[in-house]
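User: I am new to reading protein models. Can you take me through one, feature by feature?

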Amino acid sequence: MSEAVIKTEKLTKRFGDFIAANEITFEVDKGEIFGFLGANGAGKTTAMRMLCGLSTPSSGKATIAGFDVYKQTEQIKKSIGYMSQKFSLYEDLTVLENIKFFGGIYGLTNQQIKTKSEELINHLGLQQEAKKLVVSLPLGWKQKLSFSAAILHEPKIVFLDEPTGGVDPVTRRQFWDLIYDAADRGVTIFVTTHYMDEAEYCNRISIMVDGVIKALDTPRNLKDTFHANNMDEVFYELARGAKRGE
Amino acid sequence: MPIIWTKYFMNWPAAPNAVNKLIDMKQILIFIRKEFAHVLRDRKTLLILFGMPIVQILIFGFALTSEVKDARIVIMDQAKDAASKQIISKIAASNYFEIDKTVRNSQEMKEALKQGEIRLAVIFPANFYDDLVHQNEARIQIIADAIDPNNATTLTSYINSIVQDYQMDFNKTNNIPYRITPELRFLYNPELKGAPNYVPGVMALVLMLVCVMMTAVSIVKEKETGTMEILLVSPFSPFKVIIAKAVPYLLLSLINVVSILLLSVFVLDLPINGSVLLLFAESILFIITCLTIGIFISVKTNTMQVAMLISLMGMMLPTILFSGFMFPIENMPVPLQIISNIIPAKWYYIMVKDIMIKGLGFGAIWKETLILAAITMVMLIISLKSFKIRLS
């Protein structure tokens, strides 16, 4: 028996006449890795912003970890983690200082921060780099660190906005190992990506076209439905009809 | 007893609230510590932050001062009598002038002035002493190089006062009063020192630049690098971000105020005649004004370059033009005079001058304080509002 941690019903966002997200309905279960795919301009970011409590929906319903996106944004913010496509740690602070800072603004106690940072540094094998400025780390490390910072406060759900942009395939694979680890611990992963091989790693994926969710299923079922050999073909089949581009 | 109980009962939600507040304070402190780390690790920022005030005070205090020392002049003495010689020796003895040479005719004098290194020529006509004694009036011609009009005015007034000085001596020894000209007196700045004007002006300018630019850039930097997004998604509220951004720059700016005052007292020999406490209180008010402007700019811009440009062009120019420290506002056309009223630096400049130089108390500057506080409130409301609009 699984419980839904993200629930949306006809969630819509309008900017004037433009409907960025049109009646989106889906559910994501606890511990699930949910891929949120779509071409540029399809409305992924808008949808994600609504789910994170950054933007108020125009209509429809949604709950995140049981909290309402209209009224309980403060509680939502405490229950989620977020990692953006831009690398988002402070480069002029050390690895440890970054962890302390992000732990601090999420209200962790000093003791919690201490144990968490030791754990994290051992887990990532960053003992040598702990007191170095983040700017000196290679991009792959930064991404992993960024992800670890996003789940430092043990959120129920973590939103990843194209987390592996510009990273080599080996590091990407390692990054996904971290994602699997987190999912195994019961963290729900909501991830957007442009890489179709990554889409295959997800438990379920949704494909958004022109503000509407066109398909939502496991990668295997999607391939069967569209008689495709891989996710690339599925995505192309759905997205080529798109009217909106960048 | 029951009343106390209900009271206690009614109050109990206040307890977790207090705990929340404590966590809030801790979060803000963590944020402030992070801000200090940013500033202290960036050598360029440090240099701008603490180097600029010192450099500006020294430049304005010494290099750009209207006080003139050792101006090179020529003398054409056609009289060569007792009076002219005495005046010439007085001029030579002053610190302000250095007599380059004595010329014999107007041709030589013109040549000398054309070179550009001679600032001024003093001409004594023939029979100078005779005229003075017999006609009770004698004339001296002063020809100044007026390419720099301020300089020329200053120098001629120096010569004027030397001549008057002589006149007074002369009248003392002779009982008949000879030509008496109105006395020029320079209130508050009898030696025409440059520093009294520049120190308050530089204080306004430096605080304006540091606070506005640093705050704007530091907030926009978070937008540019993407960390702002992370902060917005976190439970740390945008209002707290603003507070945590403003506090470090308020403290750093106060260090600037201290260093400027120390420089002006110990290097420029300009004492603080009024209350130091009042001076600091008004400075804090002005710093807060600047911080709110910085926050406003940061809300409206998305890149550090634009934020920096707007801070520089939008703040420095109006501050220099309209604060009254370089160009007297009374001489401006009325529309510009009206515009000058919305420049916060103008009011701060007036207050610092009143406190530091004239030694006046709060009674003399409450009006300016009120105006500055009103500008601050308006800016605060506008910037908080636009910060919110951007978020939804």
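User: Which residues of α6(A) are exposed?

Analyst: First, note that this is a predicted model. On one side of α6(A), V170(A), D177(A), Y180(A), D181(A) and D184(A) are exposed. On the other side of the helix, R172(A), I179(A) and A182(A) are buried. Those buried residues fall within an arc of 70° seen down the axis, so they line one face of α6(A).

User: Why do residues a few places apart point the same way in a helix?

Analyst: An α-helix has 3.6 residues a turn, so residues three or four places apart point the same way.

User: What covers the buried residues of α6(A)?

Analyst: The cover includes the strands β3, β7 and β8 of chain A.

User: What span should α6(A) have?

Analyst: Count 1.5 Å a residue. The 16 residues of α6(A), 169–184, should then span 22 Å, and the end C-alpha atoms are 22 Å apart, which agrees. Just after the helix, G186(A) takes a positive phi of about 100°.

User: How does β8(A) pair with β7(A), and how many bridges join them?

Analyst: β7(A) and β8(A) run parallel, joined by five bridges. In one of them, D161(A) has T192(A) as its partner in β8(A). From β7(A) the chain crosses through α6(A) to β8(A), and this β-α-β crossover is right-handed.

User: Are the residues of β8(A) buried or exposed?

Analyst: Look at both sides of the strand. T188(A), F190(A) and T192(A) point one way, I189(A) and V191(A) the other way, and all are buried. β8(A) also runs parallel to β3(A), with four bridges between them.

Technical notes: Residues are numbered from 1 along each chain as its sequence is written. Chains are lettered from A and ligands numbered from 1 in the order in which they are written. This is a predicted model: local features need pLDDT of at least 70, side-chain atom pairs count only at pLDDT 80 or more; totals for chains, interfaces and linings use all residues. Helices (H or I, at least four residues) and strands (E, at least two) are DSSP runs, numbered from the N terminus. The expected span of a helix is 1.5 Å times one less than its number of residues. A residue is buried if 20 or more other C-beta atoms lie within 10 Å of its own, exposed if 12 or fewer, and partly exposed in between; C-beta atoms are placed from the backbone. The arc is that of the directions from the helix axis to the C-beta atoms. Two residues are in contact if their C-beta atoms, placed from the backbone, lie within 7 Å. Two strands pair if DSSP finds at least two bridges between them. A crossover is right-handed if, with the strands pointing away from the viewer, the path from the first strand over the helix to the second runs clockwise.
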